[in-house]
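Thanks, everyone. Let me put the model on the screen, and then I'll walk through it.

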Amino acid sequence: MHEFSYRDGVLCCEGVALTDLAAEHGTPLYVYSAKTIRDHYRRLDEALSGLDHRVCFAMKANSNLAVLNLLAREGAGFDIVSGGELFRVLQSGGRADSCTFAGVGKTREEIEYALKEGVYSFNVESEPELEFINEVAGALGKKAPVALRVNPDVDAQTHKYISTGKSHNKFGIGIDRILGVYAQAAKLPHLQIRGIQTHIGSQILETTPFVEALGKLAPIVEELKKSYGIEFFSIGGGVGIVYHGTLESGAPDWWLRANGDGGKRIGFDDYARAVVPLLKPLGLKILLEPGRSLVGNAGALLASVLYVKKTPAKNFVITDAGMNDLIRPALYEGHHEIVPLQEPPAGAPHGPVDVVGPVCESGDFFAQDRELPEVQAGEKIALLSAGAYGFVMASNYNSRRLPAEILVDGGHSEVVRARQSWDDLVAGERVPGK
Ligand code: LLP
């Protein structure tokens, strides 16, 4: 599943000791395993080998140029949601014609840029957007390739902030109206109807919501193929990953006690077994937009313990990483396993602690009442499964610098984004008149 494990008492990523990386580059520090990303991509690709398909990495999950380059070399396309993401794809060596452009609020500037670069398809989320893309394409003397995003009104059974396929969500066009909107699109002269798209949510740990959505959409897809000769069906992303119990081999006793057996999980094979039989008969190119499932378990955020603050109510482990570096626990109460970089000896004392950051908010926590081995100031820890929606959601809140990012490949490690400097923090700002 991933390449983070203890070797001789030290947490390693592939062949590299994380203690060495933390000492050399400082903390907070994101570390990614190239092997894990490649393995995940290949396993998904292989599981879908019975279909004419293309994996378009949802790069909102991790848009570091090194990660994009690695996936482009594997043959991935990209699911982009902004002009900035298209720029990153091109900077990384990826191709515009491998990109699908999603999102409910595309601007004129972004649409023009995507048309000039030649994206594969715009995934359109509303009637006004459809008309606007038609107008922008007309002004450039181009035809815009489009797919409509259908909202199938399916419950993805996930956190409410990352559920997208219910009728009350802002995404897509209602399934009951979709054929009417295709008819409208067909009348617009500067559009070329190329496909259909859906995405029901993220961190989905059952196959049932996917099956339900595809079951509802299959007759519509057939109809569109007949009427408009569409060439693709993008089924979105959303396959969930394991956040609990993510340290695999050689997990020590204290860790198993604290983290249990990992609970629900969904593998690419389970996913493929569920969806391929529904997709194969459609005879179309199938696009997938996985984000988290390719990179989530491939990353960790390293932090240093600054203080251990003991109070009558609770014990706090205060780290140099904060919610500005990894916001998932604060925003979605997301769970990330926390492990010391130096493996604690068997029988080491442990107890419940809150692991918190230095940011001035009570929501700045990574774990609450978590059973962890005792750590001391100066020790280093890792927050696991931070490869997706980690760095990309980081901010400069509290004027904290964005952390550095490292890519490990085998025994080799490389800085793929330098830590921000204090000058970077104020770049572009000025005091009026000076
Ligand atoms: N396609 C579309 C249209 C999407 O909106 C998303 C994610 C994906 C694909 C990729 O979904 P994935 O395979 O990663 O589940 N920040 C949240 C997750 C937000 C997901 C947004 N859309 C988190 O940290 O849990």
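The domain assignment splits the protein chain into domain 1, residues 34-291, and domain 2, residues 297-425. Keep in mind that this is a predicted model. The C-alpha centres of domain 1 and domain 2 sit 30 Å apart. As for the contacts between them, 32 residues on the domain 1 side meet 28 residues on the domain 2 side.

Now the packing. In soluble globular proteins, nonpolar side chains tend to be buried together. Here, the largest nonpolar core has 101 residues. Which of its residues touch the most other members? Phe57, Phe122 and Phe233. Helix 8, residues 208-228, supplies the largest share of this core, with eight residues. Both domains take part: domain 1 (34-291) and domain 2 (297-425) each give the core at least three residues.

Take Phe57 on its own. Leave out residues up to four places away in sequence, and Phe57 still touches a list of partners, including Val67, Leu68, Leu71 and Phe78. That list also holds Asn62 and Asp79. From further along the chain come Pro290, Gly291, Leu294 and Val295, also touched by Phe57. Apart from the largest core there is another core, of 19 residues. Among them are Cys13, Val16, Val339 and Ile406.

On to the ligand. How many residues surround the ligand? The count is 19, and the closest are Ser202, Glu289, Arg328, Tyr332 and Tyr389.

Let's go through the polar pairs. For Tyr332, an N or O atom in the side chain is 2.6 Å from a nitrogen atom of the ligand. For Glu289, a polar side-chain atom is 2.7 Å from a ligand nitrogen. For Asp79, the distance from a side-chain N or O atom to a nitrogen atom of the ligand is 3.4 Å. Asp79 is also one of the residues that Phe57 touches. And coverage: on its own, the ligand has 590 Å² of accessible area, and the protein covers 92% of that.

One last residue: Arg149. Where is Arg149 found? In strand 9, residues 144-151. Is Arg149 buried or exposed? Its relative accessibility is 6%, so Arg149 counts as buried; the cut-off for buried is under 20%. What lies 3.1 Å from a polar atom of the Arg149 side chain? The backbone oxygen of His199.

That's my tour. Over to you.

Notes: Residues are numbered from 1 along each chain as its sequence is written. This is a predicted model: local features need pLDDT of at least 70, side-chain atom pairs count only at pLDDT 80 or more; totals for chains, interfaces and linings use all residues. Side-chain values use heavy atoms; hydrogens and water are left out. Helices (H or I, at least four residues) and strands (E, at least two) are DSSP runs, numbered from the N terminus. Buried means under 20% relative accessible area, exposed over 50%, partly exposed in between (1.4 Å probe, protein chains only). A polar contact is a pair of N or O atoms within 3.5 Å; within protein, one must be able to donate a hydrogen and the other to accept it, and residues adjacent in sequence count only if both atoms are side-chain atoms. A nonpolar core is a set of buried Ala, Val, Leu, Ile, Met, Phe, Trp, Tyr and Cys residues joined through side-chain atoms within 4.5 Å. Domain bounds come from an automatic or database domain assignment. Contact means heavy atoms within 4.5 Å. A residue is near a molecule or strand if one of its heavy atoms lies within 4 Å of it. Accessible areas come from the Shrake-Rupley method with a 1.4 Å probe; for residues, only the protein chains shown count as cover.
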